[in-house]
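Colleague: Could you give me a close look at one helix in this model, with its packing partners and the loop that leads into it? I'd like the cut-offs too, please.

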Amino acid sequence: MKKKNIFNVLLSMTIAIFAFTLNSCNKESKEVKVKNIIMLIGDGMGPTHIPSLMLEEQYAPTNFERAKRAAFVTTYSSNNRVTDSAAAGTALACGEKTNNSIIGLNADGDTIYSNITLAESLGMETAIVVSCDITHATPAAFYAHAQHRNERENIASWLPNSGIDVIFGGGLTAFTNRDDSINLMTKFKESGYLVIDSLSQADDITKGKVIGLFADEHLPSIVNGRGDALPKATQKALDILTANSEKSGKGFFMMVEGSQIDFESHANNAKGIYGEMKDFDNVVGVAFDYADSHPGTLVVVCADHDTGGMSIPSCKTDFTLGESGVEYSFGSTSHTATMTPALFYGTGADEFGAIIDNTDIAKKVRELLQNSF
Ligand SMILES: [Zn+2]
(Lines give C-alpha, C1' and ligand atoms only; values in the text may rest on other atoms or scores of the structure.)
Protein backbone atom coordinates (compact mmCIF):
# COMPACT_ATOMS: atom_id res chain seq x y z
CA MET A 1 0.00 0.00 0.00
CA LYS A 2 2.76 2.41 0.96
CA LYS A 3 4.65 1.75 -2.32
CA LYS A 4 1.51 2.41 -4.31
CA ASN A 5 1.01 5.74 -2.47
CA ILE A 6 4.52 6.90 -3.36
CA PHE A 7 3.96 5.86 -6.96
CA ASN A 8 0.70 7.84 -7.06
CA VAL A 9 2.38 10.93 -5.62
CA LEU A 10 5.24 10.68 -8.17
CA LEU A 11 2.78 10.18 -11.02
CA SER A 12 0.65 13.18 -10.08
CA MET A 13 3.80 15.33 -9.62
CA THR A 14 5.00 14.31 -13.10
CA ILE A 15 1.59 15.17 -14.60
CA ALA A 16 1.59 18.51 -12.78
CA ILE A 17 5.11 19.40 -14.02
CA PHE A 18 4.19 18.32 -17.57
CA ALA A 19 0.97 20.39 -17.48
CA PHE A 20 2.87 23.41 -16.13
CA THR A 21 5.53 23.13 -18.85
CA LEU A 22 2.86 22.74 -21.56
CA ASN A 23 0.96 25.72 -20.18
CA SER A 24 4.01 27.99 -20.12
CA CYS A 25 4.97 26.89 -23.66
CA ASN A 26 1.48 27.80 -24.87
CA LYS A 27 1.65 31.12 -23.10
CA GLU A 28 5.00 31.91 -24.68
CA SER A 29 3.91 31.03 -28.20
CA LYS A 30 0.86 33.32 -27.87
CA GLU A 31 2.91 36.30 -26.73
CA VAL A 32 4.07 38.26 -29.77
CA LYS A 33 7.36 40.05 -29.25
CA VAL A 34 7.93 43.02 -31.51
CA LYS A 35 11.11 45.07 -31.29
CA ASN A 36 10.54 47.86 -33.82
CA ILE A 37 7.30 49.44 -35.07
CA ILE A 38 7.12 51.50 -38.26
CA MET A 39 3.77 53.28 -38.73
CA LEU A 40 3.17 54.67 -42.22
CA ILE A 41 0.20 57.02 -42.58
CA GLY A 42 -1.12 58.00 -45.99
CA ASP A 43 -2.99 61.21 -45.23
CA GLY A 44 -6.30 61.10 -47.11
CA MET A 45 -5.59 57.61 -48.53
CA GLY A 46 -9.07 56.16 -49.05
CA PRO A 47 -10.19 52.84 -50.52
CA THR A 48 -9.58 53.84 -54.17
CA HIS A 49 -6.10 55.36 -53.79
CA ILE A 50 -4.15 52.06 -53.84
CA PRO A 51 -6.29 50.66 -56.71
CA SER A 52 -5.68 53.87 -58.70
CA LEU A 53 -1.92 53.48 -58.24
CA MET A 54 -2.09 49.84 -59.36
CA LEU A 55 -4.11 50.83 -62.42
CA GLU A 56 -1.74 53.69 -63.34
CA GLU A 57 1.20 51.28 -62.97
CA GLN A 58 -0.49 48.94 -65.48
CA TYR A 59 -0.77 46.37 -62.66
CA ALA A 60 3.01 46.00 -62.32
CA PRO A 61 3.62 44.85 -58.71
CA THR A 62 3.48 47.62 -56.11
CA ASN A 63 4.98 47.45 -52.63
CA PHE A 64 1.51 47.71 -51.07
CA GLU A 65 0.76 44.26 -52.53
CA ARG A 66 3.58 42.70 -50.49
CA ALA A 67 1.50 43.21 -47.30
CA LYS A 68 0.52 40.06 -45.40
CA ARG A 69 -2.69 41.27 -43.74
CA ALA A 70 -5.29 43.94 -44.52
CA ALA A 71 -8.12 45.64 -42.67
CA PHE A 72 -10.83 48.23 -43.18
CA VAL A 73 -10.77 51.04 -40.65
CA THR A 74 -13.54 53.30 -39.34
CA THR A 75 -12.37 56.89 -38.88
CA TYR A 76 -15.24 58.97 -37.35
CA SER A 77 -14.35 61.50 -34.66
CA SER A 78 -16.08 62.25 -31.34
CA ASN A 79 -18.20 65.05 -32.79
CA ASN A 80 -18.43 64.24 -36.48
CA ARG A 81 -18.96 61.20 -38.69
CA VAL A 82 -16.39 62.78 -41.02
CA THR A 83 -13.07 63.23 -39.25
CA ASP A 84 -10.31 65.76 -39.84
CA SER A 85 -6.60 64.96 -39.58
CA ALA A 86 -6.37 66.32 -36.02
CA ALA A 87 -8.94 63.96 -34.50
CA ALA A 88 -7.85 61.06 -36.71
CA GLY A 89 -4.16 61.70 -35.99
CA THR A 90 -4.94 61.78 -32.27
CA ALA A 91 -6.84 58.48 -32.59
CA LEU A 92 -3.95 56.83 -34.46
CA ALA A 93 -1.32 58.27 -32.10
CA CYS A 94 -3.06 58.06 -28.71
CA GLY A 95 -5.84 55.46 -29.15
CA GLU A 96 -8.71 57.78 -28.15
CA LYS A 97 -11.41 59.57 -30.11
CA THR A 98 -11.56 63.34 -29.88
CA ASN A 99 -13.34 66.24 -31.59
CA ASN A 100 -12.23 67.56 -34.97
CA SER A 101 -9.42 70.17 -34.76
CA ILE A 102 -8.13 68.90 -31.37
CA ILE A 103 -4.53 67.63 -31.05
CA GLY A 104 -3.49 65.22 -28.26
CA LEU A 105 -6.40 65.99 -25.93
CA ASN A 106 -9.63 64.04 -25.53
CA ALA A 107 -13.06 65.59 -26.10
CA ASP A 108 -13.18 66.63 -22.40
CA GLY A 109 -9.89 68.51 -22.81
CA ASP A 110 -7.80 66.01 -20.85
CA THR A 111 -4.23 65.46 -22.04
CA ILE A 112 -3.72 62.08 -23.68
CA TYR A 113 -0.38 60.58 -24.63
CA SER A 114 0.85 59.19 -27.92
CA ASN A 115 2.67 55.97 -28.63
CA ILE A 116 5.80 58.05 -29.33
CA THR A 117 5.62 59.44 -25.79
CA LEU A 118 5.17 55.87 -24.51
CA ALA A 119 8.11 54.58 -26.56
CA GLU A 120 10.29 57.41 -25.24
CA SER A 121 9.31 56.55 -21.66
CA LEU A 122 10.29 52.93 -22.34
CA GLY A 123 13.76 54.08 -23.43
CA MET A 124 13.12 53.24 -27.09
CA GLU A 125 14.29 55.30 -30.06
CA THR A 126 11.68 57.36 -31.93
CA ALA A 127 11.34 59.24 -35.21
CA ILE A 128 8.87 61.34 -37.20
CA VAL A 129 9.35 61.77 -40.96
CA VAL A 130 6.81 63.75 -43.02
CA SER A 131 6.52 65.63 -46.30
CA CYS A 132 4.46 68.44 -44.75
CA ASP A 133 4.97 71.14 -42.11
CA ILE A 134 5.94 69.14 -38.98
CA THR A 135 3.34 71.13 -36.99
CA HIS A 136 0.57 69.93 -39.33
CA ALA A 137 -2.22 67.93 -37.67
CA THR A 138 -1.06 64.33 -38.21
CA PRO A 139 2.54 64.65 -36.95
CA ALA A 140 1.43 67.12 -34.25
CA ALA A 141 -0.84 64.47 -32.71
CA PHE A 142 2.27 62.39 -31.94
CA TYR A 143 4.02 65.02 -29.78
CA ALA A 144 1.78 68.04 -29.01
CA HIS A 145 -1.36 68.91 -27.08
CA ALA A 146 -3.51 71.78 -28.40
CA GLN A 147 -7.17 72.75 -28.50
CA HIS A 148 -6.85 73.70 -32.16
CA ARG A 149 -4.66 72.40 -34.97
CA ASN A 150 -4.13 76.00 -36.12
CA GLU A 151 -2.05 76.84 -33.01
CA ARG A 152 1.07 76.36 -35.10
CA GLU A 153 3.60 78.06 -32.82
CA ASN A 154 2.16 76.42 -29.70
CA ILE A 155 2.38 73.01 -31.40
CA ALA A 156 6.01 73.68 -32.43
CA SER A 157 6.95 74.52 -28.83
CA TRP A 158 6.17 70.93 -27.77
CA LEU A 159 8.72 69.39 -30.14
CA PRO A 160 12.11 70.30 -28.54
CA ASN A 161 11.10 68.58 -25.28
CA SER A 162 9.46 65.55 -26.93
CA GLY A 163 12.63 63.45 -26.84
CA ILE A 164 12.02 62.34 -30.45
CA ASP A 165 15.40 61.28 -31.80
CA VAL A 166 15.05 61.84 -35.54
CA ILE A 167 12.79 64.54 -37.02
CA PHE A 168 12.59 65.18 -40.79
CA GLY A 169 9.98 67.36 -42.49
CA GLY A 170 9.08 71.00 -43.15
CA GLY A 171 7.73 73.88 -41.07
CA LEU A 172 10.91 75.78 -40.16
CA THR A 173 9.20 79.17 -39.69
CA ALA A 174 7.09 77.82 -36.80
CA PHE A 175 10.41 77.39 -34.96
CA THR A 176 12.40 80.42 -36.12
CA ASN A 177 9.95 83.21 -36.95
CA ARG A 178 7.70 83.29 -33.91
CA ASP A 179 5.55 85.87 -32.12
CA ASP A 180 7.45 85.14 -28.87
CA SER A 181 10.80 85.74 -30.71
CA ILE A 182 12.17 82.46 -29.31
CA ASN A 183 14.33 80.49 -31.74
CA LEU A 184 13.37 76.89 -31.04
CA MET A 185 16.16 75.54 -33.25
CA THR A 186 18.60 76.86 -30.62
CA LYS A 187 16.77 74.71 -28.05
CA PHE A 188 17.36 71.64 -30.20
CA LYS A 189 21.08 72.46 -30.43
CA GLU A 190 21.28 72.96 -26.66
CA SER A 191 19.67 69.53 -26.18
CA GLY A 192 22.35 67.85 -28.27
CA TYR A 193 20.55 67.63 -31.62
CA LEU A 194 22.42 67.93 -34.88
CA VAL A 195 20.46 70.55 -36.84
CA ILE A 196 20.56 70.27 -40.63
CA ASP A 197 18.76 72.20 -43.37
CA SER A 198 19.05 69.83 -46.30
CA LEU A 199 18.69 66.07 -46.47
CA SER A 200 22.12 65.71 -48.14
CA GLN A 201 23.67 67.08 -44.93
CA ALA A 202 22.45 63.88 -43.26
CA ASP A 203 24.69 61.75 -45.53
CA ASP A 204 27.51 61.73 -42.97
CA ILE A 205 25.26 61.35 -39.92
CA THR A 206 25.10 57.77 -38.73
CA LYS A 207 23.73 58.08 -35.19
CA GLY A 208 22.53 60.44 -32.45
CA LYS A 209 19.69 62.97 -32.39
CA VAL A 210 18.99 64.96 -35.54
CA ILE A 211 16.39 67.44 -36.78
CA GLY A 212 16.07 68.60 -40.37
CA LEU A 213 13.30 71.00 -41.39
CA PHE A 214 13.79 71.37 -45.12
CA ALA A 215 11.10 73.95 -45.97
CA ASP A 216 9.51 77.02 -44.37
CA GLU A 217 6.15 75.22 -44.42
CA HIS A 218 5.31 72.11 -46.49
CA LEU A 219 7.89 70.42 -48.72
CA PRO A 220 7.09 70.73 -52.45
CA SER A 221 4.61 68.26 -53.91
CA ILE A 222 5.86 65.46 -56.16
CA VAL A 223 4.42 67.31 -59.17
CA ASN A 224 6.45 70.37 -58.11
CA GLY A 225 9.74 68.51 -57.73
CA ARG A 226 10.02 66.91 -54.27
CA GLY A 227 11.76 63.93 -55.89
CA ASP A 228 12.60 61.02 -53.60
CA ALA A 229 13.06 63.09 -50.41
CA LEU A 230 10.46 61.13 -48.39
CA PRO A 231 11.68 57.56 -49.07
CA LYS A 232 15.29 58.77 -48.68
CA ALA A 233 14.53 60.49 -45.35
CA THR A 234 12.73 57.32 -44.23
CA GLN A 235 15.80 55.18 -45.02
CA LYS A 236 18.13 57.67 -43.29
CA ALA A 237 15.94 57.75 -40.18
CA LEU A 238 15.88 53.93 -40.10
CA ASP A 239 19.69 53.81 -40.36
CA ILE A 240 20.11 56.27 -37.46
CA LEU A 241 17.48 54.56 -35.28
CA THR A 242 19.10 51.18 -35.92
CA ALA A 243 22.54 52.46 -34.89
CA ASN A 244 21.12 54.20 -31.80
CA SER A 245 19.11 51.15 -30.73
CA GLU A 246 22.14 48.89 -31.08
CA LYS A 247 23.65 51.02 -28.33
CA SER A 248 20.54 51.12 -26.12
CA GLY A 249 19.58 47.49 -26.73
CA LYS A 250 15.96 48.54 -27.23
CA GLY A 251 13.88 48.94 -30.36
CA PHE A 252 12.18 51.93 -31.94
CA PHE A 253 8.87 53.46 -32.92
CA MET A 254 8.76 55.55 -36.07
CA MET A 255 5.93 57.40 -37.83
CA VAL A 256 6.20 58.38 -41.48
CA GLU A 257 3.45 60.33 -43.22
CA GLY A 258 2.73 60.55 -46.94
CA SER A 259 1.24 63.94 -46.11
CA GLN A 260 0.42 65.29 -49.54
CA ILE A 261 -1.85 62.51 -50.80
CA ASP A 262 -4.45 64.54 -48.91
CA PHE A 263 -3.53 67.84 -50.58
CA GLU A 264 -3.82 66.42 -54.10
CA SER A 265 -7.06 64.68 -53.17
CA HIS A 266 -8.57 67.94 -51.87
CA ALA A 267 -7.60 69.40 -55.26
CA ASN A 268 -9.20 66.41 -57.08
CA ASN A 269 -5.94 66.17 -59.03
CA ALA A 270 -5.62 62.59 -60.30
CA LYS A 271 -2.11 63.16 -61.70
CA GLY A 272 -0.98 64.64 -58.38
CA ILE A 273 -2.54 61.73 -56.46
CA TYR A 274 -0.68 59.26 -58.68
CA GLY A 275 2.63 61.00 -57.95
CA GLU A 276 2.05 61.11 -54.18
CA MET A 277 0.82 57.49 -54.08
CA LYS A 278 3.85 56.26 -56.04
CA ASP A 279 6.09 58.14 -53.60
CA PHE A 280 4.25 56.65 -50.61
CA ASP A 281 4.54 53.18 -52.20
CA ASN A 282 8.33 53.72 -52.32
CA VAL A 283 8.23 54.52 -48.58
CA VAL A 284 6.26 51.30 -48.02
CA GLY A 285 8.99 49.45 -49.96
CA VAL A 286 11.74 50.91 -47.75
CA ALA A 287 9.86 49.86 -44.60
CA PHE A 288 8.96 46.36 -45.84
CA ASP A 289 12.59 45.78 -46.94
CA TYR A 290 13.74 46.84 -43.47
CA ALA A 291 11.28 44.38 -41.87
CA ASP A 292 12.61 41.63 -44.17
CA SER A 293 16.18 42.17 -43.00
CA HIS A 294 15.34 42.96 -39.33
CA PRO A 295 13.16 40.24 -37.73
CA GLY A 296 11.02 41.62 -34.91
CA THR A 297 9.90 44.62 -37.00
CA LEU A 298 6.20 45.38 -37.56
CA VAL A 299 5.06 47.73 -40.33
CA VAL A 300 1.56 49.25 -40.16
CA VAL A 301 0.37 51.10 -43.26
CA CYS A 302 -2.82 53.07 -42.69
CA ALA A 303 -4.69 56.29 -43.42
CA ASP A 304 -6.27 58.93 -41.24
CA HIS A 305 -9.31 59.31 -43.52
CA ASP A 306 -10.35 59.34 -47.15
CA THR A 307 -10.13 62.63 -49.03
CA GLY A 308 -11.96 63.35 -52.27
CA GLY A 309 -14.37 60.39 -52.48
CA MET A 310 -12.52 59.25 -55.61
CA SER A 311 -14.07 56.62 -57.86
CA ILE A 312 -12.71 55.01 -61.02
CA PRO A 313 -15.58 54.62 -63.51
CA SER A 314 -15.26 53.55 -67.13
CA CYS A 315 -15.13 56.39 -69.67
CA LYS A 316 -17.93 54.76 -71.66
CA THR A 317 -21.14 53.32 -70.32
CA ASP A 318 -20.76 50.21 -72.51
CA PHE A 319 -17.53 48.64 -71.32
CA THR A 320 -18.10 45.44 -73.30
CA LEU A 321 -16.61 47.25 -76.31
CA GLY A 322 -12.97 46.69 -75.42
CA GLU A 323 -10.68 49.08 -73.56
CA SER A 324 -12.55 52.33 -73.08
CA GLY A 325 -10.30 53.75 -70.38
CA VAL A 326 -11.22 55.19 -67.03
CA GLU A 327 -11.92 58.73 -65.96
CA TYR A 328 -11.38 59.58 -62.32
CA SER A 329 -14.43 61.00 -60.66
CA PHE A 330 -14.54 62.80 -57.29
CA GLY A 331 -17.46 63.01 -54.91
CA SER A 332 -15.97 65.73 -52.74
CA THR A 333 -13.19 68.29 -52.36
CA SER A 334 -13.20 67.46 -48.63
CA HIS A 335 -12.89 64.38 -46.43
CA THR A 336 -15.41 61.53 -46.48
CA ALA A 337 -16.79 59.06 -43.93
CA THR A 338 -15.78 55.93 -45.86
CA MET A 339 -13.58 53.26 -44.26
CA THR A 340 -9.90 53.42 -45.10
CA PRO A 341 -7.47 50.57 -45.85
CA ALA A 342 -4.80 49.34 -43.43
CA LEU A 343 -2.02 46.88 -44.30
CA PHE A 344 0.30 44.95 -41.99
CA TYR A 345 3.70 43.37 -42.57
CA GLY A 346 6.34 41.64 -40.47
CA THR A 347 6.28 40.43 -36.88
CA GLY A 348 2.88 40.91 -35.25
CA ALA A 349 1.00 41.48 -38.53
CA ASP A 350 -1.50 38.77 -37.50
CA GLU A 351 -2.46 40.71 -34.38
CA PHE A 352 -4.91 43.06 -36.14
CA GLY A 353 -8.57 42.42 -36.90
CA ALA A 354 -10.27 42.77 -40.29
CA ILE A 355 -12.79 45.54 -39.59
CA ILE A 356 -11.39 47.80 -36.92
CA ASP A 357 -11.54 51.35 -35.60
CA ASN A 358 -8.66 53.81 -35.95
CA THR A 359 -8.24 53.75 -32.14
CA ASP A 360 -7.79 49.94 -32.28
CA ILE A 361 -4.60 50.40 -34.32
CA ALA A 362 -3.04 52.66 -31.67
CA LYS A 363 -4.22 50.40 -28.83
CA LYS A 364 -2.66 47.31 -30.41
CA VAL A 365 0.56 49.20 -31.18
CA ARG A 366 0.61 50.33 -27.53
CA GLU A 367 0.18 46.76 -26.31
CA LEU A 368 3.03 45.56 -28.57
CA LEU A 369 5.30 48.42 -27.44
CA GLN A 370 4.64 47.61 -23.78
CA ASN A 371 5.46 44.01 -24.55
CA SER A 372 8.50 44.75 -26.73
CA PHE A 373 11.94 43.37 -26.07
ZN1 LIG B 1 -7.37 66.86 -45.52
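Modeller: Happily; here is a walk around helix α11, starting with how to read the model.

This is a predicted model in which local features need pLDDT of at least 70 and side-chain atom pairs count only at pLDDT 80 or more, while totals for chains, interfaces and linings use all residues. Residues are numbered from 1 along each chain as its sequence is written, and side-chain values use heavy atoms, with hydrogens and water left out.

Helix α11 spans residues 270-293 (helices are DSSP runs of H or I with at least four residues, strands are runs of E with at least two, numbered from the N terminus). Its loop is a good way in: asparagine 268 sits between α10 (260-266) and α11. Although not a glycine, asparagine 268 has a positive phi of about 55°. With a relative accessible area of 25%, asparagine 268 is partly exposed (buried is under 20%, exposed over 50%, partly exposed in between, with a 1.4 Å probe and protein chains only).

Now the partners. Helix α9 covers residues 229-248, and its axis comes within 8 Å of that of α11, crossing at roughly 25° (axes are lines fitted to C-alpha atoms, over the stretch in contact for helices, with angles from 0 to 180 degrees between N-to-C directions). The two helices are therefore roughly parallel (under 35 degrees; over 145 is roughly antiparallel, 65 to 115 roughly perpendicular, the rest oblique). Their crossing is right-handed, with the near helix turned clockwise from the far one by less than a right angle.

On the α9 side, the contact uses Leu230, Pro231, Thr234, Gln235, Leu238 and Thr242, and on the α11 side Asp279, Asn282, Val283, Val286 and Tyr290 (contact means heavy atoms within 4.5 Å). These residues split into 6 nonpolar, 4 polar and 1 charged (Ala, Val, Leu, Ile, Met, Phe, Trp, Tyr, Cys and Pro are nonpolar, Asp, Glu, Lys and Arg charged, the others, Gly among them, polar).

Asparagine 282 deserves a pause of its own. This residue of α11 is partly exposed, at 36% relative accessible area. Leaving aside residues up to four places away in sequence, asparagine 282 touches Asn63 and Pro231; Pro231 is also among the α9 residues of the helix contact. Lysine 232 lies 50 residues from asparagine 282 in sequence, yet their C-alpha atoms are 9.3 Å apart in space.

A second partner, helix α2 (residues 49-56), meets α11 at another angle: the axes come within 10 Å and cross at roughly 95°. That makes α2 roughly perpendicular to α11. Here α2 supplies His49, Ile50, Ser52, Leu53 and Glu56, which meet Ile273, Tyr274, Met277, Lys278 and Asp281 of α11. By class, this contact holds 5 nonpolar, 2 polar and 3 charged residues.

Beyond α2, a loop runs to β2 (69-74), and tyrosine 59 lies in that loop. Tyrosine 59 is not a glycine either, but has a positive phi of about 65°. Tyrosine 59 counts as exposed, at 57% relative accessibility.

To sum up, α11 runs roughly parallel to α9 and roughly perpendicular to α2, with asparagine 268 in the loop before it.
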